[in-house]
Structure formats: C-alpha cells, structure tokens
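Trainee: I would like to learn how to read a model like this one. Could you take me through it, feature by feature?

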Amino acid sequence: MKGVPAKSIGGMKPWLCSYKGDNGLTFGNTIYGTDPDQIEADHADRFRDLSVDGELLASFPVSAGKERAIRRQERQGERTT
C-alpha cells in the first residue's frame, strides 16, 4: 500500500510531533508550520514535552485499513455488504 504524499498548506509544511498526555503516554500529532523551533515555541503550552520529530512526508489513510478488512471479511463470507 502506498502512502498519500503530505501536502503543504499556505507554504507551511506538515511536521510530525510527539507529546506526553495527561496519562503519561506519548501521542503523535501533525502541526503545520515553517520552522520547527517556532512550532515548539508556539505550542509548548498546549502540549506537554512537545518535540518536533521531523517533516511528515506521507501518511496512510485510516479508511484504507478498514476497507482492506471489509474485503477480507467479504472473501471469507463473514460480511455481505
């Protein structure tokens, strides 16, 4: 399966970021901007331990996995619609 190329918005690039949730788990997020340092400065108050991990180059739509599971169920006779 091929990923979908990431697109810029108004000259801002998508950056893959990570942060700590209130439960201590690490979460990922995509934040658009032109400068990774500025992204951290602008969003540090909203996301605990925010770090910019790198530029997002491609992503995989969630629906692609769901469609694949539905096709597999149809082949196995577990699903009819």
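Mentor: Gladly; we will go through confidence, strand pairing, the core and two individual residues.

Trainee: Where is confidence lowest in the protein chain, and where is it highest?

Mentor: Start with the general idea: where pLDDT is low, the predicted coordinates should not be read in detail. This is a predicted model, and its protein chain averages a pLDDT of 83, with 81% of the residues scoring at least 70. Helix α2 (residues 62–75) has the lowest confidence, a mean of 71, while α1 has the highest, at 95.

Trainee: Thanks, that helps. Now the strands: in which sense do β2 and β3 pair, and over how many bridges?

Mentor: They are antiparallel, and eight bridges link β2 with strand β3 (residues 26–33). One pair to look up is L16 with its bridge partner T30 in β3. Have a look at the hairpin of these two strands as well: five residues lie between them, and G24 adopts a positive phi near 90°.

Trainee: And how many bridges join β2 to β4?

Mentor: Five, and these two strands are also antiparallel to each other. Here S18 is opposite S51 of β4.

Trainee: Let's turn to the interior. Which residues form the largest nonpolar core?

Mentor: A general point about strands is useful here: in a regular strand, side chains alternate between the two faces of the sheet. In this model the largest nonpolar core is made of eight residues, W15, C17, Y19, I31, I39, F47, L50 and V52. Both β2 (13–20) and β4 (48–55) supply at least two of them, and β2 gives the most, three residues.

Trainee: What does F47 contact, leaving aside its neighbours within four places in sequence?

Mentor: F47 is in contact with Y19, N29 and I31. Of these, Y19 and I31 are listed in the core along with F47 itself.

Trainee: Why is H43 classed as buried?

Mentor: The cut-off for buried is under 20% relative accessible area. H43 counts as buried because its relative accessible area is 17%. This histidine belongs to helix α1 (residues 36–43). Not counting residues up to four places away in sequence, H43 touches I31 and L50, and both of those are core members.

Trainee: One last residue: is D49 buried or exposed?

Mentor: D49 is exposed, because its relative accessible area is 54% and the cut-off for exposed is over 50%. You will find D49 in strand β4. Check its backbone too: D49 has a positive phi of about 55°, although it is not a glycine.

Note on methods. Residues are numbered from 1 along each chain as its sequence is written. This is a predicted model: local features need pLDDT of at least 70, side-chain atom pairs count only at pLDDT 80 or more; totals for chains, interfaces and linings use all residues. Side-chain values use heavy atoms; hydrogens and water are left out. A nonpolar core is a set of buried Ala, Val, Leu, Ile, Met, Phe, Trp, Tyr and Cys residues joined through side-chain atoms within 4.5 Å. Buried means under 20% relative accessible area, exposed over 50%, partly exposed in between (1.4 Å probe, protein chains only). Helices (H or I, at least four residues) and strands (E, at least two) are DSSP runs, numbered from the N terminus. Contact means heavy atoms within 4.5 Å. pLDDT is the predictor's confidence in each residue, from 0 to 100. Two strands pair if DSSP finds at least two bridges between them.
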